[in-house]
Each structure stands twice: as structure tokens, then as C-alpha cells.
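User: Please take me through this structure by question and answer, with the cut-offs stated as each term arises.

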Amino acid sequence: MVHSSLIVTAAFSWLHLVNAVNNGLARTPPMGWNNWNSLACDVSEDLLLSTSKKLIDLGLRDMGYDHVVLDDCWQDIRGEDGYVTPDKGKFPNGMRAISDQLHMKGFKFGMYSSAGEMTCARYAGSLDHESKDAENFASWGVDFLKYDNCYHMGRMGTPETSFNRFKAMSDALRATGRQIALSLCNWGEDYVHTWGMSIANAWRMSGDIYDSFARPDDLCGCDTNNPTDPFCIAPGTHCSVLFILNKVAPFVDRSIPGGWNDLDMLEVGQGGMTDEEYKAHFALWAALKSPLMLGNDLRVTSPSTLSIINNPAIIALSQDMHGRAAQRVARNLDVPKDEYGVGETHIWSGKLHNGDQVVILLNAANEDLDMSAPLSEIFVSEGPGGSAPQANQSWEVFDLWANRMSDAEARSILEAADDQTRAEIFGKLGWYNATDIPYEVGLEQGDKRLFGQKVGVVEAHSAWNVKVLRHSAKVYRFRRSGVKSEGHNEL
Ligand code: GAL
């Protein structure tokens, strides 16, 4: 007879194997908004509440952006009793009042601290105060903690030192009994991609993003020719989209449901990139399963920004239940360079839950280019050299930007005078609503709004050829259209 406690133990250790931090949170990459990229320390109760209203009015909460995350600069001092109080000028009613209102509107409330004596903006940090700070967060109804890396008092330099410093907060959060997702922000230091999943739901893998597609900057201090340089001494604050992609490429596969490589918050709508660059940035962050935290000031959203961040066919890549990031299957440096000497093309490819494949052709060269994605490369994970059974069949190709909301439609939402007008517009557009139909269900049901528009077919053993404009990406879903009779075709 098998003792029941043995069964429990066996089931529990199995859960450990598949569940990363095993707190059951962030089974798909978290989505939401964070104030830092656009507003830095200019935070207040009004900002959080007016932004949450915008998220609802613009239909973004219902696209899945359900976290409102307050970054640095909310603190007053740490009091005699060991607890940090919020700045009363910025948050006159305290944090609980904000989280109650956010929860009532269907949001999760995110906050910020640092595993250091100070936060990056030099407010009170949580190092050696983890329990009291975690108690605070729990009592304020916090659901998500972004946990930074500044002023760590030298407690870094080996994976174990960093692991233990961050684990103290992970343990403290768990001890509160409240479900709080933990998002590490140690900029890729000490190989966080190898241990982050044991204690957290996400981990930043690079220095801070800035609003540039490809411009190298000394403040993104790793060797830009070798972004995976393990001896990088200054992950920095000015990392371009292209730099971050190059840095994460060798370990995208470390993301699993419950624990994600965080490529940093989105810059879409901030003004430093072209529309095509923002589309590429957004789609790659979705396909690579980064958390999708909007970083723009939503109170001044433009129509083209809205129609990027509300594309359900792209978001469905992020929220796909398979929960594995697309990987880079081809990189070509032999292409025209810009004035900084930067220029390259990539092909990214990733498996999706229903057997579809996301395929992205990225042109980060300095000219429009004809690009080619052979099935043998697209399916290299299933067998290199064209041996993958998937290379032996034809695929229908669906363009995931084809049904982007028009500028006029986006403008009508942005300019709608009241709730009723907005509801009528959304009704007329029949826009996707993930509150009504979660992405998992929509994908399962084959909801057309998640699948883009068919633009062609790739025959077995051939390639998808397309012109890709300078600094843009083509983003596709490949869907099986038939299996050739000879050869292996078991999928
Ligand atoms: C940085 C972090 C940013 C932001 C900032 C706040 O370390 O990477 O995302 O949180 O600190 O001071």
C-alpha cells in the first residue's frame, strides 16, 4: 500500500519541476503599465488612478493590461518603528486606498523597492528590512513587486550572493501569506537567468531600455559587439531594443510559465522611434515572452500608439499557453550599416500552443532588404538541416499586423466624449476583449481576431521570401496546410 503522504510528496516535487517559483502566479507574462519610462519620479495617487481610468477607457485593461505598477520615489523615510511610510504629499490617502480602488476596477497593484540600502532614486531600500517591507506590501494589498538592485552594499559578484540577497524578499513575501508576484530587476547581473526562476516570476536580463531602436550608447555599458559578455561591469541605463535582443538571444529558452526573462518596460509611444520600430519592439517583446508593461504616459496616447499596443493578434503571442519564447534562428551581420556601424537582420521563430509557429523577420540593417526565411531554419529546433518533419509540409502564412486598428478608429476611441460613446465604438468595431474571452479561450476557439490575415503559402522544403523595410519587422503565424505523403510527418 502506498502511503498517502508519499503521493503528496511526489506530486509536490513534480510541481516544483514545472512551476519555477511555484507560487502559481504569472503563468503567462504579466501585462500592465509602469510609470518609470515616461514619468520617472513624478508619481502620485492621481497619476495611478487617472492612468487606471485611461486603461479602461482605451480598452487596454480588456486587452489584458491589468497591472498598474508604481515605480520608485513613492517613499517617505523609514520610521523609528522600522516601517517605511509613503510620501504623504504624493499619496495623501495612503497605499491601501489606491489598491482598493484598483482592485475594484479589476486591476492588480504593483509596487517597487530595491534589494539595497537605498532605491535607485535614493529612497529607503529594503535590504535587511525585507520582512517589514513585505508586511507593508501585503497590508497595502500589493499584488506584484518590482525589486531593484541599486545600493546593494557590495553584496553581489557571485550568483549565490545575489541569489541570497533577492531570496530574502522572496521568502518575506511568501511569509506574509499574500500572493505577491516578484519581479527581479538586477539587470542581468550574476547570471540571474540561471537562478531567477527559483525565487521570482520574472527577472530583468539587461540594463535599462531607452527609447532607441538600435543606437549604441556608452551608458549601456556592456560590449555592444558582445552583449552576452559575462564580465559586463555596467549593465547601464541606455540600452537599445536591438542591444537587448542580442543580449537575451542565447538564453531566451530560460523563460517558462511562472518565470520570465524581462526585457524591460515598453517604450512604444515615447517618441524616439518610428512607427515601424515600435511595431517591431512590441512584437518581439510579445514573442519573446517578456512581461508587457506599457511605459508611455497614457494620458497623451496617440492613435498610432494605441493601435500598436491593442493588437490582439500580437498580444496572443505573449499570452499563448505554450509559454516558450521564440528563439533567434538566423542572424546576418553582412548587411548595410548605419553611422554607428550597426546593421543586422534576424529571423526569430517559436512554437505556439496549437502547433502554429510565430515567425519574425527583423531588418535592423540600414536599407530595405529582401529577406528569406527557409522552413529548415524556422523549424531548426525540431531537427537541424531540414530534418524537422515540419519542414516537409506546407504552411499557410498569416500576417499579424494586417488587421491593425486604423488611425481613424483609434482616434475615435481616444476622442470619445463619454463611456456610452466608447462602448458603442468598441461594439461597432467588434474589437477583441480578453476580459470576456481570455486569450487561451480565443485561441482554442480559433477566434479570427487573434490569427491575422492570410498572405500566402510556403511549400514544403522552401522558404518565405519578403521585402522588409529598414528598421522594421514582419510578424507571422505559420499554420499547417497539409502534409506531404512521403517522409516523416508525425508532428
Ligand atoms: C532602475 C530600474 C528602472 C527603474 C529605476 C528607478 O534600476 O532598472 O527600471 O525602476 O531604477 O529608480
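User: Is aspartate 100 buried, partly exposed or exposed?

Analyst: This is a predicted model, in which local features need pLDDT of at least 70, side-chain atom pairs count only at pLDDT 80 or more, and totals for chains, interfaces and linings use all residues. Residues are numbered from 1 along each chain as its sequence is written, and side-chain values use heavy atoms, with hydrogens and water left out. Buried means under 20% relative accessible area, exposed over 50%, and partly exposed in between (1.4 Å probe, protein chains only). Because its relative accessibility is 33%, aspartate 100 counts as partly exposed.

User: With which residue does aspartate 100 form a salt bridge?

Analyst: A salt bridge is a side-chain nitrogen of Lys or Arg within 4 Å of a carboxyl oxygen of Asp or Glu. The partner of aspartate 100 also lies in helix H4 (residues 94-104), 4 residues apart, about one turn of the helix; helices (H or I, at least four residues) and strands (E, at least two) are DSSP runs, numbered from the N terminus. At 38% relative accessibility, this partner counts as partly exposed. The closest N and O atoms are 3.2 Å apart, and the residue is arginine 96.

User: How many residues apart are aspartate 275 and arginine 404, which form a salt bridge?

Analyst: The closest N and O atoms of aspartate 275 and arginine 404 are 2.8 Å apart. The pair links distant parts of the chain, with aspartate 275 in helix H9 and arginine 404 in the loop between strand S15 (393-399) and helix H13 (407-415); their separation is 129 residues.

User: What are the relative accessibilities of aspartate 275 and arginine 404?

Analyst: Aspartate 275 is partly exposed, with a relative accessible area of 29%. Arginine 404 also counts as partly exposed, and its value is 21%.

User: Which residue of the salt bridge between aspartate 447 and arginine 449 is buried?

Analyst: The closest N and O atoms of this pair are 2.8 Å apart. Arginine 449 is partly exposed, with a relative accessible area of 31%. The value of 13% belongs to the buried residue, aspartate 447.

User: How many salt bridges does the rule count, and which residues are linked in a network?

Analyst: By this rule the count comes to 25 salt bridges. The residues linked in a network of salt bridges are Lys53, Asp57, Asp419 and Arg422.

User: What area do domain 1 and domain 2 bury between them?

Analyst: The domain bounds, which come from an automatic or database domain assignment, give domain 1 (25-318) and domain 2 (327-403 + 452-487). Contact means heavy atoms within 4.5 Å, and here the contact takes 26 residues from domain 1 and 21 residues from domain 2. Buried area is the accessible area (1.4 Å probe) that two parts lose on being put together, summed over both. Of the area between domain 1 and domain 2, 75% is on carbon and sulfur atoms, and the total is about 2000 Å².

User: How many residue pairs are in polar contact across the interface of domain 1 and domain 2?

Analyst: The count of salt bridges between domain 1 and domain 2 is 0. A polar contact is a pair of N or O atoms within 3.5 Å; within protein, one must be able to donate a hydrogen and the other to accept it, and residues adjacent in sequence count only if both atoms are side-chain atoms. Across this interface, with both residues at pLDDT 80 or more, the number of such pairs is 5.

User: Which helix gives the most to the side of domain 1 that touches domain 2?

Analyst: Helix H8 (241-248), helix H9 (275-287), helix H10 (303-309) and helix H11 (312-318) each supply at least two residues of that side. The greatest contribution is 8 residues, and the helix is H9.

User: Is leucine 245 buried or exposed?

Analyst: Leucine 245 lies in helix H8. Leaving aside its neighbours within four places in sequence, leucine 245 is in contact with Leu263, Leu284, Trp285, Leu288, Trp348 and Leu362. With a relative accessible area of 1%, leucine 245 is buried.

User: How far apart in space are asparagine 311 and methionine 63?

Analyst: Asparagine 311 is found in the loop between H10 and H11 and, at 3% relative accessibility, counts as buried. Beyond its neighbours within four places in sequence, asparagine 311 is in contact with Met63, Leu400 and Trp401. Asparagine 311 and methionine 63 are 248 residues apart in sequence, and their C-alpha to C-alpha distance is 8.4 Å.

User: Why is helix H7 (residues 192-199) largely enclosed by the rest of the structure, and which elements do its buried residues pack against?

Analyst: Helix H7 is largely enclosed because 6 of its 8 residues are buried. These are Val192, His193, Trp195, Gly196, Met197 and Ile199. The elements they pack against are helix H6 (159-176), strand S7 (181-184), strand S8 (202-204) and strand S9 (260-262).
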